[in-house]
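Here are some short exercises to work through with the model open beside you. Try each task yourself before reading its solution.

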Amino acid sequence: MTTDTVPSTVVPSGDAWRGLLWLAPLTALWLLLIFTFPAIQASGVPTTAHQLAAHGLIALGLWLGLEKTTLTPGQRRVTWLVVMIPDTLWLVTAWSAAINGVFDTDASSLPALPAAIFLPLIIGAPPLLLSKRIDQVLDAMPAGWLVALQLYRIFGGWALAAWLHGALPGAFAVPAGIGDVLTGLLALPAALAVATGTVGGRRAATLWNILGLTDLAVAVTMGVITSPGPAQLIVPDVQSIGAGAYPGVLTPAFVVPSSILLHMLSLRQLRRRNRG
């Protein structure tokens with residue numbers, strides 16, 4: 001009787017779900033912490049962690065992905081800088097605008113927050129999705145990385161704590177917060193599943209991407225219809241995210257477009273793997 005050698009890159013499907021045994025309690029502990037101690041929420045630490053985790057993981061993931069390619073060290077550095085400099089500038093610009101009240105609905109008649117959400121997508125999506133250099137990175141990078149990067153979505157649970165403290169309306173915070181936490185939690189099993197290299201694993205990652213994009217679409221929609229403006233359909237008792245208050249407004253202004261672009265890149269990578 002012989003035994004087959006299982007490649008080290010193949011991860012048993014059970015491991016994908018066992019990862020939740022440590023991630024879910026840590027997430028619950030984080031949510032309990034920011035709910036129990038309102039000063040943490042008021043300090044802006046949860047939302048700041050959300051932004052910095054997203055930015056830092058994108059920077060790290062891109063660099064590690066570039067190291068997997070056959071590009072020269074100089075080409076890797078240039079590619080990393082071409083992506084990360086605009087991303088960093090956008091974070092700084094959004095942060096500065098939020099601090100200075102640019103996103104406040106009373107500050108200007110121009111729709112600053114919708115522009116902050118969609119402008120990075122309009123500008124960033126075409127070069128990222130059409131670049132042959134980025135395709136090289138996607139082909140060399142393990143498919144699970146772009147999924148696992150979005151573990152930072154669990155920090156979106158700050159919206160639930162804000163709702164429980166009466167700082168955000170439930171119509172926005174509940175679907176947005178739960179959707180973000182679920183997307184972040186399921187990023188780990190989805191990443192481990194796609195690491196198996198099987199059709200089923202890629203299908204799981206595709207479904208996870210659809211879940212993540214749906215969460216963002218719901219969050220943006222609920223933010224719009226609960227915030228002051230021509231599209232407002234629900235008038236809550238407290239200000240919603242679209243009112244532009246710092247630091248919460250940084251989530252739609254920076255994390256949302258960043259997450260959408262990551263989902264787009266992940267779906268492109270999975271499509272290329274399916275073709276291969």
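Helices here are DSSP runs of H or I with at least four residues, numbered from the N terminus. Please keep in mind that this is a predicted model.

**Exercise 1. Place Thr196 and describe its surroundings.**

Where does Thr196 lie? Is Thr196 buried or exposed?

Solution.
- Step 1: Start with the helices on either side. Thr196 sits in the loop that links α10 (170–194) to α11 (199–225).
- Step 2: Check the accessibility. The relative accessible area of Thr196 is 16%, and the cut-off for buried is under 20%, so Thr196 is buried.
- Step 3: Look for a polar partner. A polar atom of the Thr196 side chain lies 2.6 Å from the backbone oxygen of Ala193.
- Step 4: Try one distance across the fold. Thr196 and Val137 are 59 residues apart along the chain, and their C-alpha atoms are separated by 19 Å.

**Exercise 2. Work out what surrounds Arg153.**

Which side chains make polar contacts with the side chain of Arg153?

Solution.
- Step 1: Locate the residue. Arg153 is found in the loop between α8 (143–148) and α9 (158–164).
- Step 2: Read its accessibility. With a relative accessible area of 0%, Arg153 is buried.
- Step 3: Find the polar contacts. The Arg153 side chain has one of 2.5 Å with the side chain of Gln150 and one of 2.7 Å with the side chain of Asp180.
- Step 4: Widen the view. Leaving aside neighbours within four places in sequence, the residues in contact with Arg153 include His50, Asp180, Asp215, Ser259 and His263.

**Exercise 3. Contrast two residues of helix α12.**

Take Met264 and Ser266. Which residues does each one touch, leaving aside neighbours within four places in sequence?

Solution.
- Step 1: Met264 is in helix α12, and so is Ser266.
- Step 2: Met264 is partly exposed, at 29% relative accessible area, whereas Ser266 is buried, at 0%.
- Step 3: Beyond its neighbours within four places in sequence, Met264 is in contact with Ala125 and Leu129. Leu129 is 135 residues away from Met264 along the chain, yet their C-alpha atoms are separated by 7.9 Å.
- Step 4: With the same neighbours left aside, Ser266 is in contact with Leu146, Val147 and Asn209.

**Exercise 4. Classify the packing of α7 on α12.**

At what angle do α7 and α12 pack?

Solution.
- Step 1: Helix α7 (residues 132–140) packs with helix α12 (residues 250–275) at about 70 degrees, their axes being 10 Å apart.
- Step 2: Angles of 65 to 115 degrees count as roughly perpendicular, so α7 is roughly perpendicular to α12.
- Step 3: List the residues in contact. Among them are Ile134, Asp135 and Leu138 of α7, and Leu265, Arg268 and Arg272 of α12.
- Step 4: Sort them by class. The contact of α7 with α12 has 4 nonpolar, 1 polar and 5 charged residues.
- Step 5: Finish with the handedness. The crossing of α7 and α12 is right-handed.

**Exercise 5. Do likewise for α4 and α5.**

How far apart are the axes of α4 and α5?

Solution.
- Step 1: The axes of α4 (residues 45–67) and α5 (residues 73–99) are 9 Å apart, at an angle of about 170 degrees.
- Step 2: Angles over 145 degrees count as roughly antiparallel, so that is the label for α4 and α5.
- Step 3: The contact includes Leu52, His55 and Trp63 of α4, and Trp80, Met84 and Trp95 of α5.
- Step 4: By class, the residues of this contact divide into 11 nonpolar, 5 polar and 4 charged.

Notes: Residues numbered from 1 in each chain as written. Predicted model: local features only at pLDDT ≥ 70, side-chain atom pairs only at ≥ 80, totals over all residues. Heavy atoms only, no water. Axes fitted to C-alpha atoms, helices over the stretch in contact; angles between N-to-C directions. Helix = DSSP H or I, 4+ residues; strand = E, 2+ residues; numbered from the N terminus. Parallel < 35°, antiparallel > 145°, perpendicular 65-115°, else oblique. Left-handed = near helix turned anticlockwise from the far one by under 90°. Contact = heavy atoms within 4.5 Å. Nonpolar A, V, L, I, M, F, W, Y, C, P; charged D, E, K, R; others polar. Buried < 20%, exposed > 50% of the residue type's maximum accessible area, 1.4 Å probe, protein only. Polar contact = N/O pair within 3.5 Å; in protein donor to acceptor, adjacent residues only side chain to side chain.
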